[in-house]
Amino acid sequence: MTNQSDNRMGWIRNIEKLEKTTSEYTAEYELASESQIFGVLDYKNGAIQCGIMTFKKDSNGTYKYLLRIKYPPYNEEPHFLKANKSGYLFPEGIPGELISILFLFFQCRFFLIAAYSGDLSSNGLKLKTEYFPQIKRCEPYFDPDMFPDGKRNFAVGLVDFLEKLARINDQYHQRLILGFYNYARALREFGIDEEMVFIRLVSSIEAFTKWVNLSENDDLFSGVNFENIIQSERLSASQKEELKNIFFNVRKAKTRFANFIQLYSKGFFTGGNFRAPHTRIKKGDLKKALSAIYDSRSNYLHQGETMYLSRHMRSGHKWDTDPTTGMIIDNRHFSVDKKLPYASFFQRLVRHCIMQFLSEISNLENT
């Protein structure tokens, strides 16, 4: 008999365990961020707390934050007794989950600097584990939305956001945390490797595309039972399983990616007049931009090809793409339809779509 595991995010399961026990211990995590965020998060009577510790930037251009998490005692029932092959998995644990959620909610970067456990006393020590993340200082023109001043507060909206996540059916949780995690990994690559920014952002969206329904125009096999397509007795069970995986998880991946963004980008394109309209991506240009992004990402991963990136300009911090209509690198000519928008444009679009998707599935739980 297959074990039925609780596939909700770890921080949600952890809080429920805390509510059933009278004893607990606390672990603290030091975070760094280029963004200055005031207020204090205090969730579920101190089960999760977070707030700023410094008010001046350090040599890396970051402020320091303290994330505090309460845990039930170590003698709780081992979770592995209910583990199975389709169980929830996030290797970075509860701190990693919460840090990824902070990335998405605040649309800025956080880096884990150190973790503290225990208390200094005659019976023990307060232990510190240090981490050394690569923090590359980014000028605000890379993405001004990531480095605003005075627009965010831990005490405003974050508790409601956590409550929304906790109410969502656990069938979504594994994919949600993978999407959040890849979004966070993408933002960490700003100023370091912009090609990896695009790769991670595409992966973030692909975490959710299993819930995209394809029409007959998108897929001639839409609505057709797989067993009715593959009836050959010459295929072994493992061969059929491999074909089934390709059929459902690999084939039409680009179409699902584009459809997801087109579906959940509602409200992202607001129109308006711009001084340099040729540097803006409008709703009608979205399909072409998504095709260039996905093809470039696939060619990078599978053929080692170079991406045609828009070049950052200090005067273009409000642009979606640079104004070039093509480019020659060495003897390679890139046409304008292969040019990628600024990574800042794509990260804003990805975040908007994720937040729209979260609102939709959250509303399903409330109906």
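This is a short tour of the sheet, two helices, a cavity and a loop in a predicted model.

**Stop 1: the sheet**

Start by colouring the strands. You should find an open sheet of six strands with antiparallel pairing, in the order S2-S3-S4-S1-S5-S6. Which strands sit at the edges? Select S2 and strand S6 (127-130), each of which pairs on one side only. If you look along the sheet, the twist from one strand to the next averages 15°.

Now zoom in on S1, residues 25-33, and S5, residues 111-117. These two strands run antiparallel and are joined by five bridges. For one residue pair to centre on, pick Leu-31, whose bridge partner in S5 is Leu-112.

**Stop 2: the helices on the sheet**

Add helix H1, residues 10-18, to your selection. H1 lies across S2, S3 and strand S4 (63-71), and runs at about 50° to S4. Next, show H2, which packs on the sheet and touches S1, S3, S4 and S5. The direction of H2 makes about 135° with that of S4.

**Stop 3: the largest cavity**

Time to look for empty space. The structure holds two cavities of 30 Å³ or more, and the largest cavity contains about 60 Å³ of space. To see its walls, select Leu-41, Ile-48, Cys-50, Leu-67, Leu-98, Ile-101, Leu-102, Leu-158 and Leu-162. Strand S3 (48-52), helix H2 (93-106) and helix H3 (158-167) are the elements that each give two or more residues to this lining. Which element supplies the largest share of the lining? That is H2, with three residues. Try colouring the lining by residue class: nine of its residues are nonpolar, with no polar and no charged ones.

**Stop 4: the loop between S2 and S3**

Finally, move to the loop between strand S2 (40-43) and S3, and select Lys-44. Its phi is near 55°, a positive value in a residue other than glycine. Most residues other than glycine have a negative phi. Asn-45 is in the loop between S2 and S3 too, and the phi of Asn-45 is also positive, near 55°.

Switch on a surface to finish. Is Asn-45 buried or exposed? Asn-45 counts as exposed because its relative accessibility is 77%, and exposed means over 50%. Lys-44, at 38% relative accessibility, counts as partly exposed, since that class lies between the 20% and 50% limits.

Methods
Residues are numbered from 1 along each chain as its sequence is written. This is a predicted model: local features need pLDDT of at least 70, side-chain atom pairs count only at pLDDT 80 or more; totals for chains, interfaces and linings use all residues. Side-chain values use heavy atoms; hydrogens and water are left out. On a 1 Å grid over the protein atoms alone, a cavity is a set of points where a 1.4 Å probe fits but cannot get out, and a pocket is an open set with protein on both sides within 12 Å along at least five of seven lines; lining residues have an atom within 4 Å of a point. Grid points are joined across faces, edges and corners, and a volume is the space filled by probe spheres set on the points. Helices (H or I, at least four residues) and strands (E, at least two) are DSSP runs, numbered from the N terminus. Ala, Val, Leu, Ile, Met, Phe, Trp, Tyr, Cys and Pro count as nonpolar, Asp, Glu, Lys and Arg as charged, and the others, Gly among them, as polar. Buried means under 20% relative accessible area, exposed over 50%, partly exposed in between (1.4 Å probe, protein chains only). Two strands pair if DSSP finds at least two bridges between them. Axes are lines fitted to C-alpha atoms, for helices over the stretch in contact, and angles run from 0 to 180 degrees between N-to-C directions. Contact means heavy atoms within 4.5 Å.
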